[in-house]
Amino acid sequence: MAGQFSRREIVGGSASGAALLASGALPQQVLAQTAPALTAGEFTALRARYVTMVTGGTNGTVLYDDFIAGIAAEATSLSASFSTANARLWQDLDAERDNGLLLMSIARRVQVLALAYFMDRSSKKGDPTLKAQVDAGLQRIAQNFYNTSATRSTYGWYSLEIGTPLALLETILMLDGQLNQSVVNTLLAAVQLYTSDPLREQGLWPSNDSNRVWKAYNCLVHGLYIAKTDLVAGREKVAAAKNALATTFVYATPSIGGGEGF
């Protein structure tokens, strides 16, 4: 689902960015970035706005209804083949050889189930079977795949830092208040471990280009959610996301091998 809708109106600024700037690691544009003191009410509005952006809200066109019908049809097929007796929840995924692709596939499929259950005008809206499968799917992901014991050597850095978190975060944000909080907390702990610094990838070196944009995006959505219980932490993540983007949307300098930026 991620990528089907435009990603708009990112807000924030970063204290951690200031420290990196002092070391010369970030461009001067970051000097202009400041963190807005978003209120709890503003975060609530942003969460609702984000869910509307992802799900279409109630103002879809006929063309968009066709898209929703496609999501519902895909969810119907996924629901029919879903089985907790299978370690990977879907039999056809047993053929996957790449663990990172496997993890992203499971997370994405669970998100499709959640979308069909949640979206207005979906023929599967409110379907209790889909909801039960979303719950079981997230629990299996948290227990067996995406948690603080997961390693990059097993699942690959891209899956843990970029490909998996957004599907999980959007599902959690969409079904906020309807999910097992213990499972959510396990998933968020892994998100924190692998996406807390959008300026770095693999925990070793600077993130670049689209990878930095996606890491910033995950950081932003994580911040929107955790602001419910920790306003300061939410502000810090939104700020970190903004600063990461500020270091990306600059003109690239032509060089041998290419330059960074746009």
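**Exercise 1. Is D209 buried, partly exposed or exposed?**

Solution. This is a predicted model, so we work from computed values. Start with the place: D209 lies in helix α10. Next, take its relative accessible area, which is 32%. Buried means under 20% and exposed means over 50%. D209 therefore counts as partly exposed. While you're here, check its backbone too: D209 has a positive phi of about 50°, although it is not a glycine. Most residues other than glycine have a negative phi.

**Exercise 2. Find where L89 lies, and work out whether it is buried or exposed.**

Solution. First, the place: L89 sits in the loop between α3 (62-81) and α4. Second, the cover: its relative accessible area is 0%, so L89 is buried. Third, the backbone: L89 is not a glycine, yet its phi is positive, at about 75°.

**Exercise 3. Lay out the elements of the chain in order from the N terminus.**

Solution. Count first: the chain has 11 helices and two strands. Now walk along from the N terminus, and you get α-α-α-α-α-α-α-α-α-β-β-α-α. As for cover, 47% of the 262 residues are buried. Finally, look at contacts between residues at least 6 apart in sequence: 69% of them join residues at least 24 apart.

**Exercise 4. How many residues of α8 are buried, and what covers them?**

Solution. Go through the helix one residue at a time: 10 of its 10 residues are buried, so α8 is mostly covered. Among them are E170 and T171, along with L168 and M174. Then look around the helix. The cover includes α2 (40-55), α4 (99-118), α5 (128-145), α7 (157-163), α9 and α10.

**Exercise 5. Describe how α8 packs against α10, and then against α9.**

Solution. Two packed helices are described by the angle between their axes and the distance between the axes.

- Take α8 (residues 165-174) and α10 (residues 209-226) to begin with: their axes come within 10 Å and cross at roughly 25°. An angle like that makes α8 roughly parallel to α10. The crossing is left-handed.
- Now the residues that meet: P165, L166, L169, I172 and L173 of α8 touch W214, Y217, N218, V221, H222 and Y225 of α10. Sorted by class, this contact has nine nonpolar residues, two polar ones and no charged ones.
- Move on to α9 (residues 181-195): here the axes are 11 Å apart and the angle is about 140°. The two helices are therefore oblique to each other. This crossing is left-handed too.
- From α8, P165, L168, L169 and I172 meet V184, L187, L188, V191 and T195 of α9. That contact divides into eight nonpolar residues, one polar and no charged.

**Exercise 6. Which residues does H222 touch, leaving out those up to four places away in sequence?**

Solution. Place H222 first: it belongs to helix α10. With 3% relative accessibility, it counts as buried. Now list its contacts: L169, L188, V191, Q192, T195 and K237. For a distance, try V238, which is 16 residues from H222 along the chain; their C-alpha atoms are separated by 8.5 Å.

**Exercise 7. Check whether the span of α11 agrees with its number of residues.**

Solution. Helix α11 covers residues 231-246, which makes 16 residues. At 1.5 Å a residue, the expected span is 22 Å. Its end C-alpha atoms are 23 Å apart, so the two values agree. Buried residues of α11 include A233, K237, V238 and L245.

Terms used: Residues are numbered from 1 along each chain as its sequence is written. This is a predicted model: local features need pLDDT of at least 70, side-chain atom pairs count only at pLDDT 80 or more; totals for chains, interfaces and linings use all residues. Side-chain values use heavy atoms; hydrogens and water are left out. Helices (H or I, at least four residues) and strands (E, at least two) are DSSP runs, numbered from the N terminus. The expected span of a helix is 1.5 Å times one less than its number of residues. Buried means under 20% relative accessible area, exposed over 50%, partly exposed in between (1.4 Å probe, protein chains only). Axes are lines fitted to C-alpha atoms, for helices over the stretch in contact, and angles run from 0 to 180 degrees between N-to-C directions. Angles under 35 degrees count as roughly parallel, over 145 as roughly antiparallel, 65 to 115 as roughly perpendicular and the rest as oblique. A crossing is left-handed if the near helix is turned anticlockwise from the far one by less than a right angle, and right-handed if clockwise. Contact means heavy atoms within 4.5 Å. Ala, Val, Leu, Ile, Met, Phe, Trp, Tyr, Cys and Pro count as nonpolar, Asp, Glu, Lys and Arg as charged, and the others, Gly among them, as polar.
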